Amino acid sequence: MILYDNNVESLKQKTIQRLPNMFQSIIEGNGDSLKESLKTINDLTEYIIKEVDINTNLYEISKYDDYTYIHCVDTGIMALILGRALNLDVSELKELGVSAILHDIGKIVVPEEFINKKGPLTKLEFDEVKKHTVYGYRILKNAGIDSNNILAGVLEHHERVDGKGYPLGIKGNKINNFAKIISLCDVFTAISANRCYRNRYNPNEAYEYILSNVNLMFDEEVVDKFKHNFYIYPLGVRVKLSNEVEGYVIKQNKSFPDRPVIRVSGNYIGKSKSYYDIDLLNTFNIIIDSVVV
């Protein structure tokens, strides 16, 4: 099942449209606007909890080009699905949705020229960008949000399990569970988007990046649930293989999201049958080269 059915897409767009005003009202400490903001997030959260298939396609999450607010909402959607896979209860999922969608609110007070700089950041510029986690924590706390999980998710989402993250440099089990989930989803959605200073990763490259950083950046259990509950290529998408053959994804191989079953025309590969299936799990010398748009 593709994640973005009409209802979730509509709720996502509604959340994206309201997010700039949400951020501003939260910073200004407007209590009524905060309640309305949290209701918008809660509507999206409740739909995902009840309706969205837990086996979700990474290609759908990463296909958008616009970044700033879409990144926050996509991170939230992905975090909620991952939270379900980790068996969080409904009250925890609702708080996770708030924390994940608001995880970058602190960036609104960081100079925009640092956030969108095309070249490398200086040390002073990067140090200021890194403060967005602390800024976000303070903004939400000042706005009256007192949930330790929501606040820790925002403050700690750039911590690493090996202790080399920021702002606290904590590691392993000292990192809040919300932050561990948000960290993976934040990185995946970030590297899957085009930025002014680099091109986006392909879905399979982003997937491999996550797996290669288990027990370094990311918690092992969170990565394991990510690996078992997300697919890279949705059913029905047309792909080009490394042997130049093109076909459609017709079946997923659980736990191997980069190696689905591909159906190609028999004529395409010189077979007498009208079609032929290639199971990439059993065909080690062929990989997916690209998605055909």
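1. Let me start with a charge over a ring: Lys-130 sits over the face of Tyr-166, 5.5 Å from the ring centre. Arg-263 does likewise with Tyr-275, at 4.1 Å from the ring centre. The criterion here is NZ of Lys or CZ of Arg within 6 Å of the ring centre and within 35 degrees of the ring normal.

2. A word on what we're looking at: this is a predicted model, where local features need pLDDT of at least 70 and side-chain atom pairs count only at pLDDT 80 or more, while totals for chains, interfaces and linings use all residues. Residues are numbered from 1 along each chain as its sequence is written, and side-chain values use heavy atoms, with hydrogens and water left out.

3. Next, salt bridges. The whole structure holds 13 of them, each being a side-chain nitrogen of Lys or Arg within 4 Å of a carboxyl oxygen of Asp or Glu. Take Asp-74 and Lys-12, whose closest N and O atoms are 2.7 Å apart. This pair ties together distant parts of the chain, with Asp-74 in helix 4 and Lys-12 in helix 1, 62 residues apart. Helices are DSSP runs (H or I, at least four residues), numbered from the N terminus. Both Asp-74 and Lys-12 are buried; the scale is under 20% relative accessible area for buried, over 50% for exposed and partly exposed in between, with a 1.4 Å probe and protein chains only.

4. Two other bridges are worth a look. Lys-117 and Glu-125 meet at 2.7 Å, N to O. Lys-117 is partly exposed, at a relative accessible area of 25%, whereas Glu-125 counts as buried at 15%. Asp-162 and Arg-160 also form a salt bridge, at 2.7 Å from N to O. Here Asp-162 is partly exposed at 22% relative accessibility, and Arg-160 is partly exposed at 22% too. Elsewhere, Lys-123, Asp-127 and Lys-130 are joined into one network by salt bridges that share partners. That brings back Lys-130, the residue over the face of Tyr-166.

5. On to the aromatics, where I'd check the ring geometry by eye. There are 6 aromatic pairs, counting rings of Phe, Tyr and Trp (its six-membered ring) with centres within 6.5 Å; planes under 30 degrees apart are stacked, over 60 edge-to-face and the rest tilted. Phe-23 and Tyr-69 have ring centres 5.6 Å apart and planes at 70°, so they make an edge-to-face pair. The two lie 46 residues apart, Phe-23 in helix 1 (residues 6-28) and Tyr-69 in helix 4. Phe-23 is buried, at 3% relative accessibility, but Tyr-69 is partly exposed at 23%. Phe-188, Tyr-207, Phe-226 and Phe-230 form one aromatic cluster.

6. Tyr-69 turns up again in the second largest pocket, which has about 280 Å³ of space. Of the 13 lining residues, those closest to the pocket centre are Thr-68, Tyr-69, Lys-107, Ile-108 and Ile-115. For reference, a pocket is an open set of points on a 1 Å grid over the protein atoms alone where a 1.4 Å probe fits, with protein on both sides within 12 Å along at least five of seven lines; lining residues have an atom within 4 Å of a point. The volume is the space filled by probe spheres set on the points.

7. Who builds that lining? Helix 4 (68-85) and helix 6 (112-115) each supply at least two residues, and helix 4 gives the most, with 4 residues. The lining divides into 7 nonpolar, 3 polar and 3 charged residues, taking Ala, Val, Leu, Ile, Met, Phe, Trp, Tyr, Cys and Pro as nonpolar, Asp, Glu, Lys and Arg as charged, and the others, Gly among them, as polar.
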